[in-house]
Amino acid sequence: MAIVEARPFPFVLDPPATALIVIDMQRDFVEPGGFGATLGNDVSLLRAIIPATAALIKGFRDAGLPVIHTRECHRPDLSDCPPAKRERGNPSLRIGDEGAMGRILISGEPGADIIPELYPIKGETVLDKPGKGAFYATPLDEILREKGVRQLVFAGVTTEVCVQTTMREANDRGYECLLAIDATESYFPEFKKAAIDMITAQGAIVGWAAAVDDIVRAVND
Ligand code: C5J
């Protein structure tokens with residue numbers, strides 16, 4: 001066991017029972033011309049976490065612990081994209097429409113893939129998910145239980161949407177959840193702060209939050 005300095009109190013990390021989940025570090029969210037940018041967002045805010053996220057991934061790889069990557073995307077025929085989701089957002093460029101990096105948030109298109117700086121390596125799980133949460137309509141829970149994982153470290157974007165939703169899903173399934181503060185970001189800095197406050201409030205009601213350096217040190221303890 002290793003102790004990670006964390007909010008709201010230290011996290012007792014058990015490396016053999018821990019996995020890293022990197023949420024949606026896709027070109028569509030992080031690069032100019034993608035889905036996030038078409039919604040009017042400044043993607044440079046999200047790009048700022050790339051070095052810390054790379055350091056976190058490296059820390060898990062060095063420790064031989066599982067790294068799981070998710071991608072929010074849909075089937076080319078949109079059969080897994082509810083109209084209620086598609087109809088929101090920028091009316092001139094919706095999910096499935098042709099954008100600067102192929103069809104927006106469609107599996108197999110360049111924009112839906114993970115950014116080159118954080119690209120998965122052989123043996124790492126990559127899960128396509130149609131929802132905001134990574135447990136919804138995916139085999140994530142089965143994959144984690146098969147690996148004996150009880151604790152999850154979270155990174156990725158955006159803090160208050162897909163990251164927070166997945167942490168809540170994980171918390172309800174009995175996983176202990178730790179958010180890497182400098183490896184997650186929102187297009188709205190005040191939402192990131194609020195999400196971390198919500199997650200850690202009331203005695204870690206959803207989970208803990210800690211710095212990448214402290215997490216990397218603990219997993220390699
Ligand atoms: C959003 C995500 N923000 N990955 N997706 O639509 O958080």
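Here is a short conversation about a predicted model and the ligand it holds.

User: Happy to start with the whole chain. Why is the radius of gyration said to agree with a compact globule?

Analyst: For 221 residues, the globule rule gives a value near 17 Å, and the chain has 17 Å, so the two agree. Along the principal axes, the C-alpha atoms fill a box of roughly 50 × 35 × 30 Å. The chain has 9 helices and 10 strands.

User: Thanks! Now the ligand: what makes Lys132 a polar contact of it?

Analyst: The cut-off for a pair of N or O atoms is 3.5 Å. A polar side-chain atom of Lys132 lies 2.9 Å from an oxygen atom of the ligand, so the pair meets that limit.

User: Which backbone atoms make contacts of this kind?

Analyst: Val157 places a backbone N or O atom 3.1 Å from a nitrogen atom of the ligand, and a polar backbone atom of Cys162 is 3.1 Å from a ligand oxygen atom. Both pairs are within 3.5 Å, so both count as polar contacts. As for cover, the ligand taken alone exposes 230 Å², and the protein buries 91% of that.

User: Where does the ligand sit, and how do you know that?

Analyst: The ligand sits in the largest pocket. The test is that more than half of its atoms lie within 2 Å of the pocket's grid points, so the ligand passes it.

User: What residues form the shell, and what classes are they?

Analyst: Around the ligand are Asp24, Phe29, Glu72, Lys132, Val157, Thr158, Val161 and Cys162. By class, that shell has 4 nonpolar, 1 polar and 3 charged residues. Asp, Glu and Lys count as charged, so Asp24, Glu72 and Lys132 belong to that class.

User: What is the peptide bond from Val157 to Thr158 called, and where is Thr158?

Analyst: That bond is cis, with omega near -15 degrees. Thr158 is in the loop between strand E8 (151-157) and helix H7 (159-172). Another cis peptide bond joins Arg7 and Pro8, with omega about 0 degrees; Pro8 lies in the loop between strand E1 (2-4) and strand E2 (11-13).

User: Lastly, what makes Leu105 worth a mention?

Analyst: Leu105 is not a glycine, yet it has a positive phi of about 55 degrees. Leu105 is found in the loop between strand E6 (102-103) and strand E7 (125-129).

Methods: Residues are numbered from 1 along each chain as its sequence is written. This is a predicted model: local features need pLDDT of at least 70, side-chain atom pairs count only at pLDDT 80 or more; totals for chains, interfaces and linings use all residues. Side-chain values use heavy atoms; hydrogens and water are left out. A residue is near a molecule or strand if one of its heavy atoms lies within 4 Å of it. A polar contact is a pair of N or O atoms within 3.5 Å; within protein, one must be able to donate a hydrogen and the other to accept it, and residues adjacent in sequence count only if both atoms are side-chain atoms. Accessible areas come from the Shrake-Rupley method with a 1.4 Å probe; for residues, only the protein chains shown count as cover. On a 1 Å grid over the protein atoms alone, a cavity is a set of points where a 1.4 Å probe fits but cannot get out, and a pocket is an open set with protein on both sides within 12 Å along at least five of seven lines; lining residues have an atom within 4 Å of a point. Helices (H or I, at least four residues) and strands (E, at least two) are DSSP runs, numbered from the N terminus. The radius of gyration is taken over C-alpha atoms; the globule rule is 2.2 Å times the number of residues to the power 0.38.
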